[in-house]
Amino acid sequence: MTRTTATHQDLDWLLDGLVDSVAETQNAVLLSDDGLVVSHSRTIDRADAERLAAICTGQQSLARGVGQLFNGGGVHQVIVELNDLWLFIIAAAQGTHLAVIASQEVDAEIMSLAMHNLVQQVGQKLTTPARGEFDAFGTGDGQRA
């Protein structure tokens with residue numbers, strides 16, 4: 001798959017390594033809290049990575065809602081089991097999440113461990129800064145003209 005300038009290419013190779021190192025792994029995407037693709041493995045094209053990021057943001061939001069409603073605390077991991085696939089989503093660093101698609105044959109424990117190890121090893125690089133105030137009018141003071 002071709003890369004676009006919108007992906008963080010310093011991280012793409014790390015996601016490729018995760019896909020290559022855990023048997024039955026298909027795709028990996030690093031996404032921001034607001035559902036934007038930060039980086040993706042070579043095994044998924046940009047359009048599908050963007051759709052997956054949007055889906056994962058929704059899943060994270062639902063999990064946060066459960067935590068808030070039942071005083072469960074923050075979300076560490078979301079796992080969705082489908083007939084033929086697994087979807088794993090973990091908090092990667094402040095403002096980011098790591099999502100992985102794998103076949104049903106993947107060893108879920110090994111996948112979870114590999115994802116957490118990747119996050120531990122390169123956590124600082126995975127951080128997405130919070131968005132600041134948008135100054136649409138270019139006033140520099142956050143005030144509307």
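**Confidence.** I looked up the confidence before anything else, since this is a predicted model. The mean pLDDT of the protein is 85, and 78% of its residues reach 70 or more. I then checked residues 1-6, where the pLDDT is below 50. Beyond near neighbours in sequence, I find 15 contacts for this stretch in the model. Where pLDDT is low, the predicted coordinates should not be read in detail. I therefore note the 15 contacts of residues 1-6 and leave their geometry alone.

**Fold.** I counted three helices and five strands in the protein. Along the sequence I read them as α-β-β-α-β-β-β-α. For separations of 6 or more, I looked up how many contacts join residues 24 or more positions apart, and the share is 51%.

**Burial and surface.** Of the 145 residues in the protein, 39% are buried. I put the exposed area of the protein at about 8,600 Å². Carbon and sulfur atoms supply 53% of that area.

**E3 and E4.** I asked myself in which sense strand E3 and strand E4 pair, parallel or antiparallel. Strand E3 covers residues 77-81 and strand E4 covers residues 85-93; they pair in the antiparallel sense, over five bridges. To follow the register I took Gln77, which stands opposite Ile90 in E4. I traced the link from E3 to E4 as a hairpin through three residues. As a reminder for reading side chains here: in a regular strand they alternate between the two faces of the sheet.

**Glu24.** I went through the backbone angles and stopped at Glu24, a residue other than glycine with a positive phi, near 75°. Where does Glu24 sit? I place Glu24 in the loop between helix H1 (9-21) and strand E1 (25-32). Its relative accessibility is 41%, so I enter Glu24 as partly exposed; the band for that runs between the 20% and 50% cut-offs.

**Asn71.** I noted a positive phi at Asn71 too, near 55°, again in a residue other than glycine. Asn71 lies in the loop between helix H2 (46-69) and E3. Is Asn71 buried or exposed? The relative accessible area of Asn71 is 72%, so I enter this residue as exposed.

**Loop entries together.** I list the two positive phi values with their places: Glu24 in the loop from H1 to E1, and Asn71 in the loop from H2 to E3.

Conventions
Residues numbered from 1 in each chain as written. Predicted model: local features only at pLDDT ≥ 70, side-chain atom pairs only at ≥ 80, totals over all residues. Heavy atoms only, no water. Helix = DSSP H or I, 4+ residues; strand = E, 2+ residues; numbered from the N terminus. Buried < 20%, exposed > 50% of the residue type's maximum accessible area, 1.4 Å probe, protein only. Contact = heavy atoms within 4.5 Å. Areas by Shrake-Rupley, 256 points an atom, 1.4 Å probe, with all protein chains shown as cover. Pairing = 2+ DSSP bridges. pLDDT = per-residue confidence, 0-100.
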